[in-house]
Amino acid sequence: MAHLFNRNVLLGVSGGIAAYKSAELVRELQELGANVCVVMTRGAQEFITPLTLQALSGNPVHTELLDENAEMGMGHIELARWADLLLIAPATADLIARLSAGRADDLLSTVALATAAPLMLAPAMNQQMWKDPATTANIDTLSLRGARMVGPAAGPQACGDIGLGRMEEPSIIAGAAASVFQSSQLAGKRVMITAGPTREALDPVRYISNNSSGKMGYALAAAAVDAGAITTLVSGPVTLTPPDHVQFLSVQSAQQMLEQCIELLPECDIFIGCAAVADYRPTEVANQKIKKAHDEMTLQLVRNPDIVLAVASSQYPTYTVGFAAETNNVVAHAKEKMQRKGLDMMVANDVANEAIGFNSDNNAVTVLYRDEENTLELASKASIAQQIIHLIGHQTRKND
Ligand code: PMT
């Protein structure tokens with residue numbers, strides 16, 4: 001089923017009698033998982049109060065283009081950037097005409113011009129107004145520019161006429177909004193992903209670490225969000241910006257990563273261990289910077305806890321996916337690790353090849369699960385991540 005998890009829907013309400021149905025539409029959108037924020041025209045406020053839509057959406061309702069307070073908080077540009085979809089319901093004949101002409105004379109029309117998000121309109125007007133060639137031309141113009149239409153529906157109208165022009169039912173509009181976003185493979189699933197390296201301190205300024213950039217783990221987090229998952233990213237120190245809509249937790253050491261993961265594990269359906277966790281850490285961490293006292297120096301290391309092993313052997317029925325970074329006999333070693341750690345899936349990564357391992361933009365992997373092997377050919381890490389998320393979606397649905 002299509003969904004709106006992780007999606008920001010900006011609902012524009014213009015001034016027609018169907019505006020009263022916007023209250024139900026807010027609920028329908030929320031039931032599909034959307035975050036809803038409402039923008040109202042002056043006319044819309046004659047039919048339904050901003051307070052009603054504020055109470056239902058749980059977000060402030062925006063009404064004015066030139067509003068000092070809004071500009072300091074969520075002004076028209078922020079609203080335009082925030083939206084993953086601009087849905088206007090009802091869209092009156094006047095609003096449709098203004099959008100078609102590219103006007104920016106109130107907040108809603110300005111946001112419509114300023115947003116890069118897809119635009120969906122649910123027209124609502126008298127049947128004669130809908131039939132008028134001016135309206136037809138405006139709808140054609142907007143459709144040619146990529147706007148999607150839902151409705152109008154036929155039937156008796158508030159004015160007593162019968163014909164095409166009624167706003168489509170809220171459940172149908174919400175479904176159409178959800179269909180804009182294709183993937184729903186992990187809708188509502190809670191996914192936790194580890195990414196990047198860990199740093200194991202030697203003293204206040206030195207540490208042991210590795211070359212993991214976090215690119216693979218962050219790409220997985222973005223793909224999980226796109227697939228509708230409620231996504232947590234537990235990341236070691238990297239320079240990347242976390243994808244939108246993830247719960248982001250920054251850690252340094254393997255011990256910290258383990259603690260975060262175990263704390264969140266009761267609320268996790270799928271765990272993906274992509275981090276390059278340091279296998280060892282210094283037995284002792286010096287309080288002061290270590291001095292160059294001798295020509296040689298010996299470090300004593302102790303084993304770090306194994307995070308994926310701890311997750312897979314916990315009491316929680318989490319579907320657990322590991323990554324195996326190997327330099328020889330890649331698939332055989334990955335299989336052995338998968339069995340030893342009790343994982344549901346293992347992604348074998350040949351890190352001897354600089355083009356596809358640590359810190360590269362591309363990857364090529366073999367995914368192992370049950371008795372199956374699936375080779376994902378050389379592609380961007382974003383594409384490999386989408387394919388892995390697709391496989392996880394497929395496997396976890398079988399288990400449901
Ligand atoms: O970050 P990038 O630059 O994009 O690079 C991506 C990557 C090469 C780091 C990634 O694709 C990858 O292979 N990650 C796993 C790295 C690794 O630690 O592999 P491993 O074979 O040593 O460990 C096997 C599994 O055990 C991994 O899921 C790892 O997260 C986990 N592990 C390892 C040690 C430990 N103490 N705790 C763990 O959970």
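**Exercise 1. Which side chain has an N or O atom 2.6 Å from an oxygen atom of the ligand?**

Solution. The model is predicted.
- Step 1: Set the cut-off. A polar contact needs a pair of N or O atoms within 3.5 Å.
- Step 2: Check the side chains. The side chain of Ser 213 places an N or O atom 2.6 Å from a ligand oxygen.
- Step 3: Turn to the backbone. A polar backbone atom of Ala 275 is 2.7 Å from an oxygen atom of the ligand. For Met 216, a polar backbone atom lies at 2.8 Å from a ligand oxygen.

**Exercise 2. How much of the ligand's area does the protein bury?**

Solution.
- Step 1: Take the ligand alone. It exposes 770 Å².
- Step 2: Add the protein. It buries 96% of that area.
- Step 3: Locate the site. The ligand takes up the space of the largest pocket.

**Exercise 3. Describe the shell around the ligand.**

Solution.
- Step 1: Count residues. There are 27 around the ligand, and Ser 212, Ser 213, Gly 273, Lys 337 and Asn 359 come nearest.
- Step 2: Sort by class. The shell has 13 nonpolar, eight polar and six charged residues.
- Step 3: Assign elements. Two or more residues each come from helix 11 (215–226), helix 13 (307–312), strand 16 (319–326) and helix 14 (330–341).
- Step 4: Rank them. Strand 16 gives the most, with four residues.

**Exercise 4. What separates the centres of domain 1 and domain 2?**

Solution.
- Step 1: Read the bounds. The domain assignment gives domain 1 as 8–179 and domain 2 as 190–399.
- Step 2: Take the centres over C-alpha atoms. They are separated by 43 Å.

Methods:
Residues are numbered from 1 along each chain as its sequence is written. This is a predicted model: local features need pLDDT of at least 70, side-chain atom pairs count only at pLDDT 80 or more; totals for chains, interfaces and linings use all residues. Side-chain values use heavy atoms; hydrogens and water are left out. A residue is near a molecule or strand if one of its heavy atoms lies within 4 Å of it. A polar contact is a pair of N or O atoms within 3.5 Å; within protein, one must be able to donate a hydrogen and the other to accept it, and residues adjacent in sequence count only if both atoms are side-chain atoms. Accessible areas come from the Shrake-Rupley method with a 1.4 Å probe; for residues, only the protein chains shown count as cover. On a 1 Å grid over the protein atoms alone, a cavity is a set of points where a 1.4 Å probe fits but cannot get out, and a pocket is an open set with protein on both sides within 12 Å along at least five of seven lines; lining residues have an atom within 4 Å of a point. A molecule sits in a cavity or pocket if more than half of its atoms lie within 2 Å of its grid points. Ala, Val, Leu, Ile, Met, Phe, Trp, Tyr, Cys and Pro count as nonpolar, Asp, Glu, Lys and Arg as charged, and the others, Gly among them, as polar. Domain bounds come from an automatic or database domain assignment.
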